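Visitor: Hi! Could you walk me through this structure?
Guide: Happy to. Let's look at it together.

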Amino acid sequence: MIALLMVMALGVVIAWKTSSSFGKIPIVKRKLARTDRILVITAHPDDECMFFGPFILSAVQKWGATVAVLCCSTGNNEGKGVIRSKELLNACGELGVSADNVQCLDNSQLPDHPLKRWKFETLREVIQEKVSAFRPTVIATFDAHGVSGHRNHCDLADAVTAMQTNGHLPRGVRVLLLKSVSILRKYFKYADAALTIHLDFDLIALVNRENESVISRAMRAHRSQMVWFRWLYITFSRYMLVNTFDEIPEPERRTFRKAEHR
């Protein structure tokens with residue numbers, strides 16, 4: 001298995017190094033459109049680069065959609081919330097997201113902490129407020145495993161999923177959940193890109209080498225977070241190269257017809 005992954009990785013690296021794109025590898029499945037308004041909901045500053053970079057960059061550059069980022073905390077677990085909020089604006093700018101469409105919440109009910117749960121009622125309130133203001137056609141956030149397993153990521157996924165399945169989001173809004181993968185796949189960047197395109201998903205965003213560099217530059221805008229393992233993440237993580245999503249279907253909404261009078 002390891003040998004197979006190494007061969008696949010070698011093939012993808014050769015293709016990636018010799019071309020500005022992945023050639024016939026599909027860039028998107030059920031791709032989004034210029035008319036879409038995409039709301040990416042994250043937990044902490046730097047999530048948008050570490051996990052959603054290929055999706056955001058594809059949305060801005062390839063699809064021409066309007067993108068907004070709602071970050072639900074300032075990432076103040078180490079007392080750097082003010083700094084990280086500013087870094088978020090710089091990083092989103094690198095990804096092509098207007099500062100007017102970036103919001104970083106400082107809510108005492110939503111603390112940055114890997115063990116503290118975020119209440120559904122609080123998340124529903126802040127998300128509904130943002131949805132009313134931005135009027136998205138697409139919402140993207142984490143899946144139930146939260147990519148890294150961080151409690152805040154998982155709570156976001158649970159809240160958005162519940163809002164969609166219970167009809168708390170406007171009719172017609174698509175909800176996309178970023179797929180989590182095993183740790184082996186997560187840090188086997190190019191091999192995983194080759195594998196991923198043959199798997200099931202509802203949408204894929206895959207970037208070329210130039211845009212991978214853009215995502216890396218956006219990540220480096222979070223200067224306060226650039227400790228040694230972040231450099232390893234940039235080098236090896238598949239989330240700097242490819243995003244795949246599952247879509248949560250809209251609930252069936254009953255319609256009632258008035259009885260006809262004869």
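Visitor: Is glutamate 94 buried, partly exposed or exposed, and what is its relative accessibility?
Guide: Glutamate 94 counts as partly exposed, because its relative accessibility is 32%. Here buried means under 20% relative accessible area, exposed means over 50%, and partly exposed is in between (1.4 Å probe, protein chains only). Before going on, note that this is a predicted model: local features need pLDDT of at least 70, side-chain atom pairs count only at pLDDT 80 or more, and totals for chains, interfaces and linings use all residues. Residues are numbered from 1 along each chain as its sequence is written, and side-chain values use heavy atoms, with hydrogens and water left out.

Visitor: Okay. Which side chain does glutamate 94 meet in a salt bridge?
Guide: That of arginine 217, at 3.0 Å from N to O. A salt bridge here is a side-chain nitrogen of Lys or Arg within 4 Å of a carboxyl oxygen of Asp or Glu. Arginine 217 lies in helix α9 (residues 209-220) and glutamate 94 in helix α4, so the pair ties together parts that are 123 residues apart in sequence. Arginine 217 is partly exposed too, with a relative accessible area of 37%.

Visitor: What do those helix labels rest on?
Guide: Helices (H or I, at least four residues) and strands (E, at least two) are DSSP runs, numbered from the N terminus.

Visitor: And how many salt bridges turn up in the whole structure?
Guide: The search finds 14. One of them joins arginine 84 to aspartate 46, with the closest N and O atoms 3.3 Å apart. Arginine 84 is in helix α4 and aspartate 46 in the loop between β1 and α2, so this pair ties together parts that are 38 residues apart in sequence.

Visitor: Is arginine 84 buried or exposed?
Guide: Arginine 84 counts as buried, because its relative accessibility is 6%. Aspartate 46 is buried as well, at 3% relative accessibility.

Visitor: Which residues are linked with them in a network of salt bridges?
Guide: The network links Asp46, Arg84, Asp112 and Arg230.

Visitor: What else does arginine 84 touch?
Guide: Leaving aside its neighbours within four places in sequence, arginine 84 is in contact (heavy atoms within 4.5 Å) with several residues. Among them are His44, Pro45, Thr74, Ser224 and Gln225. The side chain of arginine 84 also reaches the backbone oxygen of glycine 75, at 3.2 Å.

Visitor: Where exactly is helix α4?
Guide: Helix α4 covers residues 81-95, and arginine 84 has its place there.

Visitor: Got another salt bridge for me?
Guide: Sure: arginine 117 pairs with aspartate 158, and their closest N and O atoms are 4.0 Å apart. Arginine 117 lies in the loop between β3 (102-104) and α5, and aspartate 158 in helix α6 (residues 151-165), so the pair ties together parts that are 41 residues apart in sequence. Arginine 117 is exposed, with a relative accessible area of 53%, whereas aspartate 158 is partly exposed at 38%.

Visitor: New topic: which phi does aspartate 46 have?
Guide: Aspartate 46 has a positive phi of about 100°, although it is not a glycine. As background, most residues other than glycine have a negative phi. Aspartate 46 is found in the loop between β1 (37-42) and α2 (47-50).

Visitor: What about arginine 135?
Guide: Arginine 135 is not a glycine either, and its phi is positive, at about 55°. Arginine 135 sits in the loop between α5 (120-134) and β4 (138-142). Arginine 135 counts as exposed, because its relative accessibility is 62%.

Visitor: Where does glycine 64 come, and what is its phi?
Guide: Glycine 64 comes just after α3 and takes a positive phi of about 70°. Helix α3 itself (residues 53-62) is mostly covered, with seven of its 10 residues buried. Those buried residues include Phe55, Ile56 and Leu57.

Visitor: Last one: how many disulfides are there?
Guide: The search of the whole structure finds zero disulfides (pairs of cysteine sulfur atoms within 2.5 Å).

Visitor: Why is cysteine 49 not bonded to cysteine 92?
Guide: Because the sulfur of cysteine 49 is 6.7 Å from the closest cysteine sulfur, in cysteine 92, and that is too far for a bond. Cysteine 49 is buried, with a relative accessible area of 0%. Cysteine 92 is also buried, with a relative accessible area of 0%.

Technical notes
Polar contact = N/O pair within 3.5 Å; in protein donor to acceptor, adjacent residues only side chain to side chain.
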